[in-house]
Amino acid sequence: MAILNIKFSAQDLLKVREKENYDFIFSIGTLIYFPKEETRKIIENLTRTLKKGGYFVGIFPSMESLIYHSILIYSRELQNSSNEKEERKKTGKIFEEQKYDFITGIYVDKPGQEQKFFYKFELIYHLKKTGFS
């Protein structure tokens with residue numbers, strides 16, 4: 001199967017006005033720095049610009065991967081000690097847990113530098129709410 005007609009486009013996702021123009025949308029890490037309301041608007045815009053039967057492939061930072069990483073650190077630390085409370089504290093320091101809000105999925109490295117991580121169920125919820133199936 002040859003693909004003969006490919007159009008690449010870089011746009012301000014908050015200002016996209018096209019309708020049903022794309023067969024395929026590929027998005028890598030585009031929704032990590034936007035506030036919640038702007039994220040909703042961007043997902044609505046992506047939904048509107050995708051043709052019926054089109055495909056959306058998105059790569060998003062995952063909260064589950066952060067939790068997995070912290071469990072690996074904690075397991076490693078427990079191999080050296082039987083003091084779970086102490087190893088939990090040590091894991092928190094190594095993982096920099098104070099920088100993560102596990103309810104909202106926001107990571108704050110420095111004031112004004114926030115990054116959004118998504119839970120799988122959260123992405124599914126937002127995508128379905130804006131028309132993806």
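How many bridges join β4 and β5, and in which sense do the two strands pair? There are 4 bridges, and the pairing is antiparallel. That is one of the spots picked out in the close-ups below, all of them taken from a predicted model.

**View 1. Helix α3 from end to end.**
Helix α3 takes in residues 84-95. With 12 residues at 1.5 Å each, the helix should span 16 Å, and its end C-alpha atoms do sit 16 Å apart, so the expected and modelled lengths agree. Look at the start of α3 for Asn 83: one of its side-chain oxygens comes to within 3.3 Å of the backbone nitrogen of Lys 85. Just past the other end, Glu 96 has a positive phi of about 60 degrees.

**View 2. The two faces of α3.**
Which residues of α3 are buried? They are Glu 87, Thr 91, Gly 92 and Phe 95. These residues take up an arc of only 145 degrees around the axis, so they end up on the same side of α3. The spacing helps here: an α-helix has 3.6 residues a turn, so residues three or four places apart point the same way. On the face turned away from the buried side you'll find Lys 85 and Lys 93, both exposed. As for what the buried residues lean on, they pack against α2 (63-78) and β3 (100-101).

**View 3. A charged network that includes Glu 87.**
Glu 87, one of the buried residues of α3, also turns up in a network of salt bridges. Its fellow members are Arg 76, Glu 77 and Lys 90. For the wider picture, the structure holds 11 salt bridges.

**View 4. Arg 88 meets Glu 97.**
Here the side chains of Arg 88 and Glu 97 come together in a salt bridge, at 2.8 Å from N to O. Arg 88 has a relative accessibility of 41%, so it counts as partly exposed. Glu 97 gets the label partly exposed too, because its value is 32%.

**View 5. Lys 99 and its two acidic partners.**
Is Lys 99 buried or exposed? It counts as buried, because its relative accessibility is 18% and the cut-off for buried is under 20%. One partner is Asp 109, with the closest N and O atoms 3.0 Å apart. Lys 99 sits in the loop between α3 and β3 while Asp 109 belongs to strand β4 (residues 106-110), so this salt bridge ties together parts that are 10 residues apart in sequence. Asp 109 itself is partly exposed, with a relative accessible area of 34%. The other partner is Glu 96, whose side chain meets that of Lys 99 in a salt bridge of 3.1 Å, N to O.

**View 6. Glu 96 and its backbone.**
Glu 96 is worth a panel of its own. It lies in the loop between α3 and β3, and its phi is near 60 degrees, a positive value in a residue other than glycine. At 32% relative accessibility, Glu 96 is classed as partly exposed.

**View 7. The open sheet.**
Three strands make up an open sheet, running in the order β3-β4-β5 with antiparallel pairing. β3 and β5 (113-116) are the edge strands, since each of them pairs on one side only. For a single bridge to zoom in on, try Ile 106, whose partner in β5 is Lys 116.

**View 8. Glu 122 reaches Lys 116.**
Lys 116, the bridge partner of Ile 106, shows up again here. Its side chain makes a polar contact of 2.8 Å with the side chain of Glu 122. Glu 122 lies in helix α4 (residues 120-129) and is buried, with a relative accessible area of 15%. Leaving aside residues up to four places away in sequence, Glu 122 touches Thr 104, Lys 116 and Phe 117.

**View 9. Asn 21, ahead of β1.**
Asn 21 is in the segment before β1 (22-28). With a relative accessible area of 31%, Asn 21 is partly exposed. Setting aside residues up to four places away in sequence, Asn 21 touches Lys 7, Thr 49 and Lys 51. To place Asn 21 against the far side of the sequence, take Tyr 125, 104 residues along the chain: their C-alpha atoms are separated by 24 Å.

Definitions and conventions:
Residues are numbered from 1 along each chain as its sequence is written. This is a predicted model: local features need pLDDT of at least 70, side-chain atom pairs count only at pLDDT 80 or more; totals for chains, interfaces and linings use all residues. Side-chain values use heavy atoms; hydrogens and water are left out. The expected span of a helix is 1.5 Å times one less than its number of residues. Buried means under 20% relative accessible area, exposed over 50%, partly exposed in between (1.4 Å probe, protein chains only). The arc is that of the directions from the helix axis to the C-beta atoms. Contact means heavy atoms within 4.5 Å. A polar contact is a pair of N or O atoms within 3.5 Å; within protein, one must be able to donate a hydrogen and the other to accept it, and residues adjacent in sequence count only if both atoms are side-chain atoms. A salt bridge is a side-chain nitrogen of Lys or Arg within 4 Å of a carboxyl oxygen of Asp or Glu. Two strands pair if DSSP finds at least two bridges between them.
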